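I opened this notebook to record what I looked up in the structure, entry by entry. The entries begin with the core and end with the charged side chains.

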Amino acid sequence: MAVEQKKKKRHKFLFTYRNFMIKLNLPVLFAQKGMRVSDAEKRTDLARSTLYRLYNNEATRIDFDSIEKLCKLLDCTPNDLFIISDDQ
């Protein structure tokens, strides 16, 4: 008997509530600082795969430690990291 494996669906947002999406603003913040994901990897000790998922809004969660490291790197607040969007 073969066991079926369900594929996990990757979300392009972190959280949905009442037709709102919370997205990370990393592409804009990185561009403002002239930074790439590889630069952030070297300076934060976050895994490249984690940074790419966050950068592309494919992450389903984010740790407080990651938020803190990104805020220190980008000299911003958590409020600057996230965008609340009403489009799907």
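**Entry 1: The nonpolar core**

I looked first for the largest nonpolar core, and I found that it has 18 residues. Those with the most contacts inside this core are Leu26, Phe30, Leu70, Leu74 and Leu81. I then asked which helices supply at least two residues each, and I noted H1 (26–33), H2 (37–44), H3 (48–55) and H4 (64–74). The largest share, five residues, comes from H4. I add for the record that the model is a predicted one. As background, I noted that nonpolar side chains tend to be buried together in soluble globular proteins.

**Entry 2: The surroundings of Leu81**

I looked up what Leu81 touches, leaving aside residues up to four places away in sequence. Among its contacts I listed Leu26, Leu70 and Leu74, which also appear with Leu81 among the residues with the most contacts inside the core. Leu81 further touches Lys23, Leu24, Asn25, Leu29, Ile67, Cys71 and Cys76.

**Entry 3: The chain as a whole**

I next turned to the overall layout. The chain has five helices and three strands, and from the N terminus on I read the order of its elements as β-β-α-α-α-α-α-β. Of its 88 residues, 30% count as buried. The chain exposes about 6900 Å², of which carbon and sulfur atoms supply 50%. I also checked how far apart in sequence the contacting residues lie: among contacts with a separation of 6 or more, 64% are between residues 24 or more positions apart.

**Entry 4: The two faces of H4**

Which residues of H4 are buried? I listed Ser66, Ile67, Leu70, Cys71, Leu73 and Leu74. These residues lie on the same side of H4, because they cover an arc of only 165 degrees around the axis. A general point belongs here: an α-helix has 3.6 residues a turn, so residues three or four places apart point the same way.

I then asked what covers the buried residues of H4, and found that the cover includes H1, H2, H3, helix H5 (78–81) and strand S3 (82–85). On the face of H4 turned away from its buried side I found the exposed residues Phe64 and Lys72. Just after H4, I noted that Asp75 takes a positive phi of about 50 degrees.

**Entry 5: Salt bridges**

How many salt bridges are there? I recorded a count of five, and I looked up three pairs in detail.

The side chains of Glu68 and Lys72 meet in a salt bridge at 3.1 Å, N to O. Both residues lie in H4, four residues apart, about one turn of the helix. Glu68 is partly exposed, with a relative accessible area of 42%, whereas Lys72 counts as exposed at 65%.

The side chains of Asp63 and Arg61 also form a salt bridge, at 2.9 Å, N to O. Asp63 counts as partly exposed at 40% relative accessibility, and Arg61 is exposed at 60%.

For Arg36 and Asp39, I noted a salt bridge at 4.0 Å, N to O. Arg36 is exposed, with a relative accessible area of 54%. Asp39, at 23% relative accessibility, counts as partly exposed; I checked this value against the cut-off, since buried means under 20%.

Conventions:
Residues numbered from 1 in each chain as written. Predicted model: local features only at pLDDT ≥ 70, side-chain atom pairs only at ≥ 80, totals over all residues. Heavy atoms only, no water. Core = buried A, V, L, I, M, F, W, Y, C linked by side-chain atoms within 4.5 Å. Buried < 20%, exposed > 50% of the residue type's maximum accessible area, 1.4 Å probe, protein only. Contact = heavy atoms within 4.5 Å. Areas by Shrake-Rupley, 256 points an atom, 1.4 Å probe, with all protein chains shown as cover. Arc of directions from axis to C-beta.
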